[in-house]
Amino acid sequence: QVQLVESGGGLVQAGDSLTLSCATSGLTGSMYRMGWFRQAPGKEREFVASIRFIDGTKQYVDSAKGRFIISRDNGKNTLYLQMSSLKPEDTAMYYCAAGRGLELRSSAGAYEYWGQGTQVTVSS
């Protein structure tokens, strides 16, 4: 059984940094893409970043480039999202997701497994 558990969210001020973690279990092998998505109240779920577990190739939404870093620790089975220079518009529930396949994808439909989310709130 695949489980994804996010942690690390919280209330921060604009300009602050925050690192989200996603502990994974049940993902066998390395033929996975993993990603971070976010959803603000009243808005659709939005792609933030993805990474290919086998070689660490990464992909970001334009608004995250230069501010967010996605990474993984295969030994700890953990995915991370380092966020810096946070803005109020980054406020959302952040979800970790995993999908079978090596091609990096930004569509939520390409990910079969999801965590429960962790809330990030950025005050101005």
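A residue counts as buried when its relative accessible area is under 20%, as exposed when it is over 50%, and as partly exposed in between, using a 1.4 Å probe and protein chains only. By that yardstick, buried residues make up 40% of the 124 residues in this chain. The model you are looking at is predicted, so to speak of its local features a pLDDT of at least 70 is needed, side-chain atom pairs count only at pLDDT 80 or more, and totals for chains, interfaces and linings use all residues. Residues are numbered from 1 along each chain as its sequence is written, and side-chain values use heavy atoms, with hydrogens and water left out.

**Overall build**

- The chain has eleven strands and zero helices, where strands (E, at least two residues) and helices (H or I, at least four) are DSSP runs numbered from the N terminus.
- Read from the N terminus, the order of elements is β-β-β-β-β-β-β-β-β-β-β.
- The radius of gyration is 13 Å, which agrees with the value near 14 Å for a compact globule of 124 residues; it is taken over C-alpha atoms, and the globule rule is 2.2 Å times the number of residues to the power 0.38.
- Along its principal axes, the C-alpha trace spans about 40 × 25 × 25 Å.
- Among contacts (heavy atoms within 4.5 Å) with a separation of 6 or more, 57% join residues 24 or more positions apart.

**Surface and charge**

- About 6200 Å² of the chain is exposed, and carbon and sulfur atoms supply 46% of that area; the areas come from the Shrake-Rupley method with a 1.4 Å probe, and for residues only the protein chains shown count as cover.
- The chain carries 13 positive and 11 negative charges, and their mean positions are 3 Å apart.
- For this count Lys and Arg are positive and Asp and Glu negative, while His and the chain ends are not counted; each charge is placed at NZ of Lys, CZ of Arg, CG of Asp or CD of Glu.

**Nonpolar cores**

- In soluble globular proteins, nonpolar side chains tend to be buried together.
- A nonpolar core here is a set of buried Ala, Val, Leu, Ile, Met, Phe, Trp, Tyr and Cys residues joined through side-chain atoms within 4.5 Å.
- The largest such core has 27 residues, of which Met34, Trp36, Leu79, Leu81, Met83 and Tyr94 touch the most other members.
- Two or more residues of this core come from each of strands E3 (18–25), E4 (32–39), E5 (46–52), E7 (68–73), E8 (78–83), E9 (92–100) and E11 (118–123).
- E9 is the top contributor to this core, with four residues.
- Another core lies apart from it and has five residues, including Phe47, Ala97, Ala110 and Tyr111.

**Residues within strands**

- Serine 21 sits in strand E3, and its C-alpha is 6.7 Å from that of threonine 78, although the two are 57 residues apart in sequence.
- Beyond its neighbours within four places in sequence, serine 21 contacts Val5, Glu6, Ser7, Trp36, Thr78, Leu79 and Tyr80.
- Serine 71 belongs to strand E7 and is buried, because its relative accessibility is 19%.
- With neighbours up to four places away set aside, serine 71 meets Ile51, Thr78, Leu79, Tyr80 and Gln82.

**Residues in loops**

- Glycine 15 is in the loop between strand E2 (10–13) and E3; its C-alpha lies 6.9 Å from that of serine 84, 69 residues away in sequence.
- Outside four places in sequence, glycine 15 touches Ser85 and Leu86.
- Glutamate 44, in the loop between E4 and E5, is exposed because its relative accessible area is 72%.
- Arg38 and Gln39 are the contacts of glutamate 44 once residues up to four places away are left out.
- Asparagine 77 is in the loop between E7 and E8 and has a positive phi of about 55° although it is not a glycine; at 38% relative accessible area, asparagine 77 is partly exposed.
- Serine 85 lies between E8 and E9 in a loop, has a positive phi of about 50° without being a glycine, and is partly exposed at 40% relative accessibility.
- Threonine 91 is in the loop between E8 and E9 and is partly exposed, with a relative accessibility of 22%.
- Threonine 91 and leucine 11 are 80 residues apart in sequence, yet 9.1 Å apart from C-alpha to C-alpha.
- Not counting residues up to four places away, threonine 91 touches Ala40, Gln119, Val120, Thr121 and Val122.
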